Amino acid sequence: MVGQSSNQVKHRWADLGVNDFNVVTYKNIKALMNELEVTYKPIEDSVSYSTMDGAISYVIDPDYQAGSNHATTMPRLVQKGLDNFSKQAPIDYQDPAFAEFSIADYIHYRNTHNSDNDPNFYPVEFVQYNLYPRISGMYFVHDTMLSTMSFVAIMGYYLLQEGFGSAPPERVYVEGGCQTWSDALMDKLLEQGVAFVHNAQVQVFASPDGVDLLINHKSFEHFDSVVMACHASTALKLIQQGITNDIVNVLSQFDYYNSVAVAHTYAPLLPTDRNVWRTYNILIYGDDIQLRPYTISYVCNRHQNNVANSDYDQFGNPEFFVTLNPAIPIPDSYVLKQADGTPAVTHFTHNIVNVETLKAQTFL
Ligand SMILES: Cc1cc2nc3c(=O)[nH]c(=O)nc-3n(C[C@H](O)[C@H](O)[C@H](O)COP(=O)(O)OP(=O)(O)OC[C@H]3O[C@@H](n4cnc5c(N)ncnc54)[C@H](O)[C@@H]3O)c2cc1C
């Protein structure tokens, strides 16, 4: 990715999608990275939450520990809710009684059933200024329907990425960006004789003997089985023979949402108070921008932990950001360019994990 200032072209990389993982919980990914000899390094694991008017503005830095008396800028009721949530929700996650709860149902349930009989167990300030803004930055949610998202799916994120219910997280980024490890994986598989076919039109014909793939409408190839790593709606279109009613029922339960990620240098998408800029920055729009109540922006320099990297200390650290679904337009001149000169912008469709989606999958 390229930024240009004072006739100087600077090259940096940024992930516009997956950008970190917790080595403590993603054990298989860690083993794979090690086998591929891919370098990963600690991110600066910090987050800020701010309203547009700055009335709420606080940070959670890496040394914050839920329930401790550690100094924090978090509003008291937000902290109370977060502390309760980080203790109680991982326990509730294990309880099958909550399997079909939406996050809103869960919050309501716990405010009416908790050991302290506290109707403010999860204060509304926590939900409004911490929980929902954080959920909005998770990749599998619908921006405007956060309350209907599955409690279990949301907890999956908190357990895996934020270490709830287990050891503190050690979140790392892949040096050079995620493309580095997918390239390394491909090289390794090529070495082992795995064949790759790119940009082919594929149709799937299943039978009790295995699977025949029709490639580019011309030739058939026979396999024992097929793994379709595309969206369920696409898989449904590609299977031409051998599909059962159960498979149709499951694959048709998913909803999708279009998102955009932009690499840029446009500071108005960050908190007004520069001192609270952290790795992840969540802006809370309140009622001003109804369609998109929250936006998450990464300060890439912090994500790639430039402070710990002597190359970039000397580099001068021009700050650059990635924003997911910007709620206000970014002027073109602030959008960074890819090495080929095209804007560093990606549009993608992602599936939504809500209660219905999870229920459908218990079928299989
Ligand atoms: C901005 C952002 C940040 C994220 N950050 C993190 C993070 O920090 N850590 C983390 O763990 N996760 C993160 N995620 C989530 C992560 O990206 C997803 O969980 C992951 O990419 C899902 O992988 P997948 O292979 O299931 O689906 P996808 O990555 O969506 O892959 C589906 C693939 O199917 C292909 N396809 C579609 N149609 C066809 C067809 N007809 N034939 C063949 N192929 C087809 C698509 O091109 C695509 O490559 C983030 C996501 C986003 C958007």
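1. Asn199 is exposed, with 5 other C-beta atoms within 10 Å. (Exposed here is 12 or fewer other C-beta atoms within 10 Å of the residue's own, buried is 20 or more, partly exposed is in between, and C-beta atoms are placed from the backbone.) Asn199 sits in the loop between α6 (178-191) and β8 (202-207); helices (H or I, at least four residues) and strands (E, at least two) are DSSP runs, numbered from the N terminus. Its phi is positive, about 50 degrees, although Asn199 is not a glycine.

2. A word on provenance: this is a predicted model, where local features need pLDDT of at least 70, side-chain atom pairs count only at pLDDT 80 or more, and totals for chains, interfaces and linings use all residues. Residues are numbered from 1 along each chain as its sequence is written.

3. Asn216 also has a positive phi, near 50 degrees. You'll find Asn216 in the loop between β9 (210-215) and β10 (219-223), and it is exposed, with 11 other C-beta atoms within 10 Å.

4. On to the domains: the protein splits into domain 1 (2-176 + 254-361) and domain 2 (197-251), with bounds from an automatic or database domain assignment. Their centres, taken over C-alpha atoms, are 35 Å apart. Five residues of domain 1 are in contact with five of domain 2 (contact: C-beta atoms, placed from the backbone, within 7 Å).

5. Finally, the ligand. Both domain 1 and domain 2 give residues to the shell around the ligand, so it lies between them. Among the residues around it are Asp20, Phe21, Tyr139, Cys230 and His350.

Technical notes
Near = placed C-beta within 6 Å. Contact = placed C-beta atoms within 7 Å.
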